[in-house]
Amino acid sequence: MKKFVNIKGVLDNIRQSVNTPSPTGVGTPGGPVRLEQDICETLSADKFMVENTLRHGFPFKPTCMAFDPIQKLLAIGNRTGCVRIFGRPGIDYEIQHESDRGGDPPQVMQVEFIINQGRLLTACTDNSINLWEFKTKQPELLQTLKLNKERLVLMQLEFQDKWLYFATERGNVMIINLETFTLSGYQINWNKCMGPLDKNHPGTIVHLSVNPVDTSKLLIGFETGLICLWDLSVKKADQRFCHNRRLLTACWHLEGRQFVAGYSDGSLITWSVKATNSNGGKSVQFPHKKKDKDTNKMTPCGPIEKVLWRVNRNGGEYFVFSGGLPSDVTGVTPSITIIQGKNSEMDIVEMENSVLDFLLATDSPYMADYQDPEAVIVMLSNDLVALDCKSSKIPCFKNPYAMDFNESPVTFCHYLVDCPGDLIPNLYMVGSKAKKEGSSRGFSSGEWPISGGVDTGAESCSYSELVVTGHADGSVRFWDSSSTTMQALYRVKTAKYFERTKKAQADGAMDEDPYQICHIILSPTTRELAVAGISGQVLFFRFKKKETTTETKSMDIPIVYEVSSSQGQSMRGGGGGGAEISSPATNQHFEFPTPKPLLNVASQSAAYTDPVDGFNFDKPQYEYFTPLRLRVGAQRKNPGYHAELICMTPWVNNEAPTPISCLTLSSNFGLMAYGNGSGIVIVDVVQFQCLLNMGTADLYGALDPFQRMPKSPKFPDSGPDIVRVDLSNYNQVGEPSATTPNSSFKDPVGGMPSSRAVDRVKTPETKKLLQKAGSSADDSSMSKSHSSSMNSLDQMITNEGVTTVAFADSFSSKNDFTFNSCLYVGTSLGSLIAIIINLPDRGDARLSEPVVVSPSGSLYRLRGAVLTTCFLDASSSSLKVRGDEAPENVHIPSRPNHSGGISNQASSPPIVNQGSQDERASPGGSNSPHSGDQQIMIVCTEKGAASYALPSQRQMYQQTINESCPVVCAKIINFGGSKYTPCLVAYTADGFIKAYSLPSLRPMMDVYFMALSSERVRRTMSFSNYGHGMYLCNATEVQKFTISSEFVRQLPDMQGSVFQEGIPMPEPPKPGFLKGLGLFGGTPKPLDREELFGETAGKAPSHAATVTLGASMQAAQSKAINTSTEVGRARQGFEERGQRLNELEDRTEAMANEAKQYASNAHTLMLAAKNKKWYQL
């Protein structure tokens, strides 16, 4: 593929080829070795496109729902103008209303299916009625009718009816023809529904329904308690029913001779339409009213919000209603009540949340037919429940949708794409066992009643997707998101490992959600899990397939950020020439006790169970307090994730630690690292020991470029047992040994350093090495700081936190080809510090020998807080470590082969670094096989990104992402398939998503995606491989999106169809069933509503409503206009052509006549000259 070439790149290449030294420090005949030509970038801008793909979870703030009993579809509308249509698992379509004025979208008040036609009606708060069609993959808005003078409150559509009734806030009823979507001139005014003696306005209409037997009768219910039976044919009120309580709901009996109404006092009143007066023919009952034993009075009941009255095929009547329970101190318990049978047996199903609406799924859509109940679909405020009416105990169906995200608020999301194939089955296995053992209530064995839609049967993706969510209650949940649906797999509860301390409860020091999850790291290959909580707790889990009973180990590890006044003075005296090593005469600090321990010995002290015995040597000065206390003793752990280590960050001197800001886990190293706003902690999860807990300022050592504000100027008194240690100017230096790699660092018996090692630390040669390391790091890092927003010595630094940590096998020092295991620490001030980790050999040595942690002397300075890092293998052949292992966290991008193509396989043998770090090849030697940079490091901050070549630490490229708005979330992903194609994706605070090709940082995409509306989006935004991403768009829904244009093109084929063609209409009730069931002893006469509501009713006022065509209808209309125009043009062309043909025919005929005349004249002349002699001519 042709490389990206521009003038700027050519100039940069010329400039760097002249000014940049060779990575090895020695010039080569062909010039310096360049990495820019070694990696072939295949990304192009046409491969990127931002698009929302799938949404999972319960609709946010639902308001209404509707059910199509033939298609088996459910529609739910909410306050954000969204309507989601659910079918079988995997069928989930979304309709979004848009505001015509550019503001927030209108709320959806009501939805109605046009049953079995693939169309949906929505009524919104902007007084609009919208007609949608969802037969295609993308729902289309056909037409919109918007009221101009009155406010819409209710609409009603009967089965197989083309006339839509809707009510306004003033109490008027209007009618719409759905075929033409025009407003009829027929209107029912509120004053005509009132009685002759009524003086007050009846209020807003709360109910509309047509008599199931006589379609000329319309039941209109007002909120004040007035119910009017309106005769459509004679245009007047046929009967009125009055009650002195507020009306909420009503429902017809199938015979059309009675209806039941629910009121605010918890009463159900059955009215008969044959009654001679308004007070007669009614039956009043209070289903849940009870007498108080103390006061001997009837307890008040809550309002009955909705009631349904049906008759099954055995002739038994049953009522289903919500509300009506007696109210107590805590209020009315949400419930669904079912009364059925000859003895009126009552079943009360109490709900955990308030009931917003419910529907009845039956075997017939006809209101005048017998209907056997199948399920009651209940929409709660944050869940969807379906009750099995065919079972005796009315159990719940198991919800197949992932709708319980909001069981506890989601606080963090971790998205994994292309995880190992056995990960999800194992999680499902242990999760199903836990559900069987822990489930106290039984679910129905029947089929979920919402089963509409057509699944295409095609696999959505060839790879598996896993979503891990952290919640406010401390639980961690795993979800399978591989297909178009989302399935809950497994749950880990971290709160069960803790118990609250009395001090925290008394002082109120704990947060409302002390177990809230703020970070999650999962190793897909080894299934190891690390979780960080808001209270400073970090838990390490291992996956076990068998049940165990073990005790969880714990460590209290404080992180103290403290700068003494002497340090601040020494830094101020350093001037503006960068970091310097202060002399002992001017920098007063506390020396190590004799003999001085090495860094790894101090951090791996055998007595480290008490945190003050590690790095915190001021025992009289510090007071520690942990608000969470670990449960002691062995615990029974079910198959799944078992907590093996818990690290607590205690309070220091009644000051709460800052939350954990970053977390990483390396299964290959057996290490875990995390940081907060004060410092960093490195933990060995194999030996369960702390390797390092240090403030951020102490990580710099002599390379600290900042002027820091002292936090505590007082110095403690050095006692004989406890001595405060200042590690800021301490570097661990050991002399290589030919026998044992770490023999010079520790005594083989006691684990303490030998005298030779101590002397090595104090020798002048060591100081020279430290100064050399500092100067080289200063040259390689500070010189590359391009006008940093944090100038080194111009500002006084009060605090610096750790923002990112990453383990990797890398070249830690400048121009040093020693391949080390490293930890890269990024800070909030734009520093990237490399820490060397010396790991023992695998096997028994890893279980017994300590891990050595030491500084590397490398410091990178960038603009803004460091967010993420990535390492690319740029060697001529793949790098290997520890035998034949691939390096940790180092990716192999596509690189050109000898034939000019792209290849990921090296043609030469791999470079293998075997043995310890001291035995590896060193640069500059005669046996050194290295000839250039071997690795590329990508660093992204909240301001920009940069690429560095290692080990020369040469900056290859730099890119400013956003100057005004910081980057909220950034990740380096594999955008390609089998070949690793690195891509940097960033989401900025102004709502843009930006993508860059690596390592050149060429912009691929810069598109506005979504405004950063809440902190929830910041916490849950997650990018993953192949351009997939997700975030929590609200408290209950997860939104998935993609930046891959290829996936956008494939998505319609992956999704099924929500509408199923070819489902026949059920047979209507037999005519014999309706015989004799008329209102007054005879069969109702059929009503010609076409004549009643059509042209004979007149036209509605032009200012009453405005009809707007949807985009598809406008396109169809314009197409029809264009077609008619083209037809007119063709017709005109045909007419002109016919006219020209007629003219041509006339001319042809005239010419023929002239030819005949000419022939006749010639013949006459020939005859006249025929008999004449020659002399007569």
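**Figure 1. The whole chain and its exposed surface.** About 53600 Å² of the chain is exposed, and carbon and sulfur atoms supply 50% of that area. Keep in mind that this is a predicted model. The chain runs to 1177 residues, and buried ones make up 53% of them. On the secondary-structure side, we get 15 helices and 70 strands. Take the contacts between residues at least 6 apart in sequence: 61% of these join residues at least 24 apart.

**Figure 2. A three-stranded open sheet, S26-S27-S28.** The strands line up in that order, with antiparallel pairing. S26 (355-362) and S28 (384-388) sit at the edges with a single partner strand each, so each has one side without a neighbour in the sheet. Ignoring direction, neighbouring strands here are turned by 20° against each other on average. Zoom in on S26 and S27 (residues 373-380) and you can follow seven bridges between them, in the antiparallel sense. Looking for a landmark? Try Leu-360, which stands opposite Val-376 in S27.

**Figure 3. The largest nonpolar core, with Phe-541 picked out.** This core has 31 residues, and those with the most contacts inside it are Leu-427, Leu-466, Phe-478, Leu-522, Phe-541 and Tyr-641. Leaving out residues up to four places away in sequence, Phe-541 touches Val-492, Thr-494, Tyr-497, Glu-528, Leu-529, Val-531, Tyr-641, His-642 and Ala-643. There's also a second, separate core of 29 residues, and Tyr-561, Phe-669, Ala-697 and Leu-839 are among its members.

**Figure 4. Arg-629 and Glu-499, a salt bridge between distant parts of the chain.** The two side chains meet at 3.2 Å, N to O. Arg-629 belongs to strand S40 (residues 628-630) and Glu-499 to strand S33 (residues 498-500), which puts the partners 130 residues apart. Both ends are partly exposed: Arg-629 has 44% relative accessibility, and Glu-499 has 28%.

**Figure 5. Asp-92 and Arg-84, part of a salt-bridge network.** Here the side chains meet in a salt bridge with an N to O distance of 2.4 Å. How exposed or buried is each partner? Asp-92 counts as partly exposed, because its relative accessible area is 21% and the cut-off for buried is under 20%. Arg-84, by contrast, is buried, at just 2%. Across the structure there are 36 salt bridges.

**Figure 6. Asp-214 and Lys-217, a buried pair.** Asp-214 and Lys-217 form a salt bridge, and their closest N and O atoms are 3.2 Å apart. Both residues are buried, Asp-214 as well as Lys-217. As a general point, side chains of opposite charge can pair when their charged atoms come close.

**Figure 7. Lys-553 and its contacts from elsewhere in the sequence.** Lys-553 is found in strand S38 (residues 553-556). With a relative accessible area of 47%, Lys-553 is partly exposed. Which residues does Lys-553 contact, leaving aside its neighbours within four places in sequence? They are Glu-644, Leu-645, Ile-646 and Phe-688. One of these, Leu-645, is 92 residues away from Lys-553 along the chain, yet their C-alpha atoms are separated by 4.8 Å.

How values were computed:
Residues are numbered from 1 along each chain as its sequence is written. This is a predicted model: local features need pLDDT of at least 70, side-chain atom pairs count only at pLDDT 80 or more; totals for chains, interfaces and linings use all residues. Side-chain values use heavy atoms; hydrogens and water are left out. Two strands pair if DSSP finds at least two bridges between them. Helices (H or I, at least four residues) and strands (E, at least two) are DSSP runs, numbered from the N terminus. Axes are lines fitted to C-alpha atoms, for helices over the stretch in contact, and angles run from 0 to 180 degrees between N-to-C directions. A nonpolar core is a set of buried Ala, Val, Leu, Ile, Met, Phe, Trp, Tyr and Cys residues joined through side-chain atoms within 4.5 Å. Buried means under 20% relative accessible area, exposed over 50%, partly exposed in between (1.4 Å probe, protein chains only). Contact means heavy atoms within 4.5 Å. Accessible areas come from the Shrake-Rupley method with a 1.4 Å probe; for residues, only the protein chains shown count as cover. A salt bridge is a side-chain nitrogen of Lys or Arg within 4 Å of a carboxyl oxygen of Asp or Glu.
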